[in-house]
Amino acid sequence: DTGQPYQLPYAGGFNNLKLSADRSFANQGVEPKDVDAIFISAVHLEGANPQIDRLDVILSEVVLYIEAPSVERKRIAGLSAFPMGAAADLTVEPRFNIKPYAVAPSMKVSAEIQLKQRPLFNTTIKTKITLLVDVNLAGI
């Protein structure tokens with residue numbers, strides 16, 4: 001079934017971001033009301049076994065979406081031309097503030113993946129999402 005989109009849940013533990021529970025914020029006395037905006041600055045995919053997890057051979061397209069109750073589901077990153085190898089950086093939607101999703105009662109990041117071909121071996125792809133958090137400590 002090459003070329004068919006597969007809906008796969010994102011299983012990276014990014015299902016419910018609670019700013020007040022994060023130690024780096026708590027240690028600085030930062031609360032969710034102090035956060036003006038949260039932006040995704042980078043999304044990096046990497047095969048767990050670089051010898052066999054060639055993303056350019058396996059993947060045709062990957063699109064990540066963010067969703068939360070009472071907030072519209074939005075595309076946050078994607079890529080359809082993978083460089084040769086086991087790692088790739090997705091193109092991130094510029095200046096998209098995800099704070100409304102992060103402060104919702106729950107938040108989910110999901111992926112739509114289109115395969116070029118089924119992998120010959122079990123394949124694990126690690127996803128790293130880097131956030132840029134704009135904190136206003138001056139209370140302005």
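Helices (H or I, at least four residues) and strands (E, at least two) are DSSP runs, numbered from the N terminus. The model in these exercises is predicted.

**Exercise 1. Layout of the chain**

Task: State how many helices and strands the chain has, and give their pattern along the sequence.

Solution.
- Step 1. The secondary structure amounts to three helices and eight strands.
- Step 2. From start to end, the pattern reads β-α-β-α-β-β-β-β-α-β-β.
- Step 3. Turn to contacts with a separation of 6 or more. Of these, 78% are between residues 24 or more positions apart.
- Step 4. Now the burial. Of the 140 residues, 36% are buried. The chain exposes about 8400 Å², and 51% of that comes from carbon and sulfur atoms.

**Exercise 2. Where to trust the model**

Task: Find the strands in which confidence is lowest and highest.

Solution.
- Step 1. Take the average. The chain has a mean pLDDT of 80, and 77% of the residues score at least 70.
- Step 2. Go to the extremes. Confidence is lowest in strand 1 (residues 5–9), with a mean of 44. It is highest in strand 6, at 98.
- Step 3. Check the low stretches. Residues 1–20 have pLDDT below 50, yet the model gives this stretch 47 contacts beyond near neighbours in sequence. Residues 22–27 are also below 50, with six such contacts.

**Exercise 3. Strand pairing**

Task: List the partners of strand 2 (residues 35–47), with the number of bridges and the direction.

Solution.
- Step 1. Strand 8 pairs with strand 2 through 11 bridges, antiparallel. One residue pair fixes the register: isoleucine 38 is bridged to valine 133 in strand 8.
- Step 2. Strand 5 (residues 87–89) is also antiparallel to strand 2, with three bridges. Here histidine 44 has aspartate 89 as its bridge partner.

Task: Trace the pairings of strand 4 in the same way.

Solution.
- Step 1. Strand 3 (residues 59–68) and strand 4 are antiparallel, with six bridges. In this pairing, isoleucine 66 has lysine 74 as its bridge partner.
- Step 2. Look at the connection. Two residues separate strand 3 from strand 4 in a hairpin. Serine 70, in the turn, has a positive phi of about 65°.
- Step 3. Strand 6 pairs with strand 4 over two bridges, again antiparallel. Glycine 78 faces threonine 91 of strand 6.

**Exercise 4. Salt bridges**

Task: How many salt bridges does the whole structure hold, and which residues form a network?

Solution.
- Step 1. The search returns four salt bridges.
- Step 2. Arginine 54 and aspartate 56 meet at 2.6 Å, N to O. Arginine 54 is partly exposed at 31% relative accessible area. Aspartate 56 is at 12%, so it falls under the 20% cut-off and counts as buried.
- Step 3. Arginine 75 and glutamate 93 have their closest N and O atoms 3.0 Å apart. Arginine 75 sits in strand 4 and glutamate 93 in the loop between strand 6 and helix 3, so the pair ties together parts 18 residues apart in sequence. Both ends are partly exposed: arginine 75 at 35%, glutamate 93 at 29%.
- Step 4. Arginine 73 and glutamate 67 have a closest N to O distance of 3.5 Å. Arginine 73 is partly exposed at 36%, and glutamate 67 is partly exposed at 23%.
- Step 5. The network consists of Glu67, Arg73 and Glu112.

**Exercise 5. Two loop residues**

Task: Is leucine 120 buried or exposed, and which patch includes Leu120?

Solution.
- Step 1. Locate the residue. Leucine 120 is in the loop between strand 7 (108–115) and strand 8 (125–135).
- Step 2. Its relative accessible area is 76%, so leucine 120 is over the 50% cut-off and counts as exposed.
- Step 3. Leu120 joins Ile52 and Phe121 in a nonpolar surface patch, with about 330 Å² of accessible area together.

Task: Which residues does phenylalanine 96 contact, leaving aside neighbours within four places in sequence?

Solution.
- Step 1. Phenylalanine 96 is in the loop between strand 6 (91–92) and helix 3 (99–102).
- Step 2. Its contacts are Ile38, Phe39, Ile66, Lys74, Ile76 and Tyr101.
- Step 3. Take lysine 74. It is 22 residues from phenylalanine 96 in sequence, with the C-alpha atoms 9.4 Å apart.
- Step 4. Connect this to the pairings. Ile38 has its bridge partner, valine 133, in strand 8. Ile66 and Lys74 are bridge partners of each other.

Notes
Residues numbered from 1 in each chain as written. Predicted model: local features only at pLDDT ≥ 70, side-chain atom pairs only at ≥ 80, totals over all residues. Heavy atoms only, no water. Patch = residues over 30% accessible without salt bridge, like charges linked within 9 Å, V, L, I, M, F, W, Y side chains within 5 Å. Areas by Shrake-Rupley, 256 points an atom, 1.4 Å probe, with all protein chains shown as cover. Salt bridge = Lys/Arg side-chain N within 4 Å of Asp/Glu carboxyl O. Buried < 20%, exposed > 50% of the residue type's maximum accessible area, 1.4 Å probe, protein only. Contact = heavy atoms within 4.5 Å. Pairing = 2+ DSSP bridges. pLDDT = per-residue confidence, 0-100.
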